[in-house]
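Hi,

Here is the structure I promised to pass on. Have a look at it first, and then read my notes below.

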Amino acid sequence: MQEERRFENRVALDEIRSAVEKVRLEVQKIMVGQHALIDALLAAVLANGHVLIEGVPGVAKTLAAKLLARTLDVGFARIQFTPDLMPSDILGTAIFNPKTTAFEFKAGPIFSNMILIDEVNRAPAKTQSAMFEVMEERQVTMDGVTHKMKQPFLVFATQNPIEHEGTYRLPEAQLDRFLFKLNVGYPSMDEEAQMLAGHHAGRTGQDLSNVKPVVSASQLVAFQQTVRSLHIEPRLLRYITEVVQATRNHEALYLGASPRASLAMMGAAKAFAAMGGRDFVTPEDVQQTAVPVLQHRIMLTPDQEMEGATPAQVVERLISKIEVPR
């Protein structure tokens with residue numbers, strides 16, 4: 001009888017898997033369904049990446065981000081974007097102190113660990129540009145002085161579809177700084193009925209006191225470092241490169257993805273592997289990242305838009321034609 005072969009992880013992932021399961025259980029105390037959304041948000045957190053969440057009003061975009069923030073014992077700030085919001089309202093400003101006869105920097109709400117930006121596409125380009133440095137470099141430069149953000153630092157932004165009234169298209173440079181763009185759809189009939197039953201019984205999304213923090217800031221930073229150390233084979237690095245390169249030569253695309261997309265796919269694939277209890281990346285992990293990583297980094301040709309195609313559909317068609325390494 002052939003002896004059963006057992007493979008042991010080179011990196012201990014039990015603590016990460018336990019933490020992920022605890023977060024899921026806490027979120028499910030309030031939220032009905034949307035399991036794929038919560039898992040994608042968790043993967044982004046482990047990969048130390050920002051997330052753009054898009055969907056029509058009322059599909060729990062903000063609630064999902066708030067619930068996840070409550071399960072993490074980190075600083076939290078919520079910023080409501082509006083057309084009259086100024087960069088100083090986000091980053092902070094210098095205020096004159098008569099006692100010291102000098103200007104002192106007063107930090108804005110962006111100086112926290114987890115930032116929830118509600119309706120990010122309701123602010124104009126001037127305010128959006130204020131987010132470029134802090135999202136990419138995790139720092140804010142004011143009056144020639146650089147202020148480093150405390151770790152972890154993550155931005156979760158929600159937006160309504162851009163065709164809705166009173167919204168602006170986000171600059172491509174800002175979109176490229178989001179690790180994922182996640183589309184939130186309507187709940188199923190059973191999930192919506194379950195949600196109604198919960199509200200009827202008095203369990204609403206307004207009272208989040210039952211949701212407890214289960215992961216500390218230091219734990220989260222350690223988890224992120226562990227995820228970065230996971231193994232990925234050269235053939236999978238080549239696979240990621242082929243997928244991203246294909247977006248730059250596809251007949252349905254006017255604009256392809258940047259090298260930042262390749263880095264994002266690698267980091268996110270490692271996060272999904274860790275959540276699956278593996279210290280190595282599989283082709284399935286890479287494929288799982290393709291749509292959320294690429295769909296906001298590409299632009300369709302006008303004829304594809306007229307035919308009603310979506311970036312997600314083009315990405316799925318594109319990746320289906322690339323040979324999967326085994």
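Helix H12 (residues 283–294) packs against helix H14 (residues 311–320) at an angle of about 145°, and their axes are 9 Å apart. Axes here are lines fitted to C-alpha atoms over the stretch in contact, with angles running from 0 to 180 degrees between N-to-C directions; helices are DSSP runs (H or I, at least four residues), numbered from the N terminus. On the H12 side, Gln 287, Ala 290, Val 291 and Leu 294 make the contact, and on the H14 side Ala 312, Val 315, Glu 316 and Ile 319 do (contact means heavy atoms within 4.5 Å).

Keep in mind that this is a predicted model: local features need pLDDT of at least 70, side-chain atom pairs count only at pLDDT 80 or more, and totals for chains, interfaces and linings use all residues. Residues are numbered from 1 along each chain as its sequence is written, and side-chain values use heavy atoms, leaving out hydrogens and water.

Now the core. The largest nonpolar core (buried Ala, Val, Leu, Ile, Met, Phe, Trp, Tyr and Cys residues joined through side-chain atoms within 4.5 Å; buried means under 20% relative accessible area, with a 1.4 Å probe and protein chains only) has 76 residues, and Leu 41, Phe 156, Phe 180, Met 265 and Leu 294 touch the most other members. Helix H11 (residues 259–275) gives the largest share, 10 residues. Leaving aside neighbours within four places in sequence, Met 265 has contacts that include Ala 290 and Leu 294. Another core, of 24 residues, lies apart from the largest one and includes Leu 85 and Phe 153.

As for confidence, the mean pLDDT (the predictor's confidence in each residue, from 0 to 100) is 88, and 94% of residues reach 70 or more. Over residues 1–7 the pLDDT is below 50.

Cheers

Methods
Buried means under 20% relative accessible area, exposed over 50%, partly exposed in between (1.4 Å probe, protein chains only). Helices (H or I, at least four residues) and strands (E, at least two) are DSSP runs, numbered from the N terminus.
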